[in-house]
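Trainee: Hey, I've just opened this one and I'm new to it. Can we walk through a few spots together?
Mentor: Sure, let's bring it up.
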Amino acid sequence: MASVPWAEVREKFQAALALSQVELHKNPEKEPYKSKYSARALLEEVKALLGPAPEDEDERPPADEALDAEHLSLGLPAEVVEAEGPVAQRAVRLAVIEFHLGVNHIDTEELSAGEEHLVKCLRLLRKYRLSHDCVSLYLQAQNNLGILWSEREEIETAQAYLESSEALYNQYMKEIGSPPLDPTEHFLPEEEKHTEQERSKRFEKVYTHILYYLAQVYQHMEMFEKAARYCHSTLKLQLEHNAYRPLEWAINAATLSQFYINKLCFMEARHCLSAANVIFGQTGKMPASEDTTEAEGYVPELYHQRKGEIARCWIKYCLTLMQNAQLSMQDNIGELDFDKQAELRTLRRKELDEEESVRKKAVQFGTGELCDAISAVEEKVRYLRPLDFDEARELFLLGQHYVFEAKEFFQIDGYVTDHIEVVQDHSALFKVLAFFETDMERRCKMHKRRIAMLEPLIVDLNPQYYLLVSRQLQFEIAHTYYDMMDLKVAIADKVRDPDSHIVKKINALNKSALKYYQLFLDSLRDPNKVFPEHIGEDVLRPALLAKFRVARLYGKVITADPKKELENVAASLEHYQFIVDYCEKHPAAAREIEVELELSKEMVSLLPTKMERFRSKMALT
């Protein structure tokens, strides 16, 4: 080392960084890692020039602190040990090289070699890991090992590395607090070293990465509450330090909203979605930086895809908020309960009084102008449950706006399943809006709109490739016709003498519902057209419910022909009997359809008597 000028060592190191970071996009297509390999060669030269690791630094720790790739002791240091003196300084510089060699090998998909270098880096730094000069490098090495083990699907090992990083960061900030040296500074002359402000920015970026990767690990481990908390903190820090890519940030915030929606935390969900809209609007407008490099370059298809995905998150927000209101206000037959509605109006006043304190508890994104921009979007969207038709319609229209936006990208050609899911959500918006409508004719028209959007989808859908989707559509269309028929019967009951047009309409709706329920039930048959003796759990309730509704539909057919009426009652009895028999053979099925089973048993006992009366009446005539 003494024979080689330090300036030359620094130059080689800087050249290696340039090859890794700057020259990468210039690589030939057939040699995508050419610059990485050149950088690696320079790093190995620097390592050789620095000389071997000090013996005491390269030794393995004692048995109770075994330090290897799989069993790293991740405990916190008891005290700060500064890397002072030429021996310690050489160990730290070698650790920097081992770190970059580790990252280099990982980038070229040589994971085992990368792991080996990163573990060597940790070993060299172990006693100095809480020091001002080494903490950032140590954290970055642990982060990369955490990512590496996560990619190997060894999630618990990844969790251990990343949680150790978080704990070490917290200990450093508590005990020392000043912005530490950035790893690259070990090879910079004194006059080129970073300012305190730049060091702080870089260290906070390291911490943000810890939270970001921990959020993913917790998500993978199904620790959803923790994952959401870490994701929210990550997004907040990225905004604070202006270290984010708009497209990526916006989709992450929109995705986080889905967690809050599932928890029925609509204020937080609205905030995430509003922030996603505002940040998405920055796409292509932010100045380039190390956080907005070529990966963030404006790609029209990706832009429109993300726009469609965020729109779908908004649809779920509107739909779930409306459905939650419906569940809160419906009676035991699914109709609006006016007493419950009145109770919720009283509760609404209390919710409005508490709004300000709730808002303060929520994690807010951004400050200053950005915060104002997000608030401006939020103020146009309600987060309290709608309690009447006008409030529900307001949410419906917002959801419908985003349906049209989502369909711009998720078109039937190329995105069959996604397109159908968006249309199904549109149908669901109409369905829940109909709950708030008191005029039965208008409710019928809303269901008719659902039929108009759903039926065309099933015409061109090949059930061989889209069996599950086909079944969903068949069942939903059948149920929509079923609801329309019930509404028409209720309207007819209010008329003293319904005319033939109303009767014809009721029978037409009945026939359409029967057709689609039968298509759904036929889809359960085997290739020999035999209905299964044992219905799969995933379709058990829908299948038994379809049987029940088919039985009821046959009983609702209006006819003046006694023979036809007898046939309909017999068909009705056959389907009720199927439900009773199936639940006797498979007792677990009874829990899936308790109310319908009791009604089926009742009908099985009553309908034979009714059929006998029909036969007697027919014999007399």
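Trainee: Let's start with Cys-272. Is Cys-272 buried or exposed?
Mentor: Cys-272 is buried, with a relative accessible area of 0%. Keep in mind that this is a predicted model.
Trainee: Okay. How many disulfides does the structure hold?
Mentor: Zero. Cys-272 is in no disulfide, and the nearest cysteine sulfur, which belongs to Cys-231, is 7.9 Å away.
Trainee: And Cys-318, why is there no bond from its sulfur to the one in Cys-313?
Mentor: Because the two sulfurs are too far apart for a bond: Cys-313 has the closest cysteine sulfur to that of Cys-318, and it is 11 Å away. A pair counts as a disulfide within 2.5 Å.
Trainee: Is Cys-318 buried or exposed?
Mentor: Buried, with a relative accessible area of 0%.
Trainee: Switching to helices. At what angle do H8 and H9 pack?
Mentor: About 155 degrees, with their axes 8 Å apart. H8 covers residues 196-220 and H9 covers residues 224-240. That angle makes H8 roughly antiparallel to H9, since angles over 145 degrees count that way.
Trainee: Is the crossing left-handed or right-handed?
Mentor: H8 passes H9 in a left-handed crossing.
Trainee: Which residues make the contact?
Mentor: On the H8 side they include Tyr-207, Leu-211, Leu-214 and Tyr-218. On the H9 side, Phe-224, Tyr-230, Cys-231 and Leu-237 are among them. So Cys-231, whose sulfur is the nearest cysteine sulfur to Cys-272, is part of this contact.
Trainee: How do the contact residues divide into nonpolar, polar and charged?
Mentor: Eleven are nonpolar, five polar and two charged.
Trainee: New topic: where does Val-550 lie?
Mentor: Val-550 is in helix H20, residues 540-556. Val-550 counts as buried, because its relative accessibility is 1% and the cut-off for buried is under 20%.
Trainee: What is Val-550 in contact with?
Mentor: Setting aside neighbours within four places in sequence, Val-550 is in contact with Leu-514, Tyr-517, Leu-521 and His-575. Also, the C-alpha atoms of Val-550 and Ala-571 are 8.8 Å apart, with the two residues 21 apart along the chain.
Trainee: Last one, Ser-600. Which helix is Ser-600 in, and is Ser-600 buried or exposed?
Mentor: Ser-600 lies in H23, residues 594-620. At 0% relative accessibility, Ser-600 counts as buried.
Trainee: What is Ser-600 in contact with?
Mentor: Leaving aside neighbours within four places in sequence, Ser-600 is in contact with Phe-548, Tyr-576, Ile-579 and Val-580.

Key. Residues numbered from 1 in each chain as written. Predicted model: local features only at pLDDT ≥ 70, side-chain atom pairs only at ≥ 80, totals over all residues. Heavy atoms only, no water. Axes fitted to C-alpha atoms, helices over the stretch in contact; angles between N-to-C directions. Helix = DSSP H or I, 4+ residues; strand = E, 2+ residues; numbered from the N terminus. Parallel < 35°, antiparallel > 145°, perpendicular 65-115°, else oblique. Left-handed = near helix turned anticlockwise from the far one by under 90°. Contact = heavy atoms within 4.5 Å. Nonpolar A, V, L, I, M, F, W, Y, C, P; charged D, E, K, R; others polar. Buried < 20%, exposed > 50% of the residue type's maximum accessible area, 1.4 Å probe, protein only.
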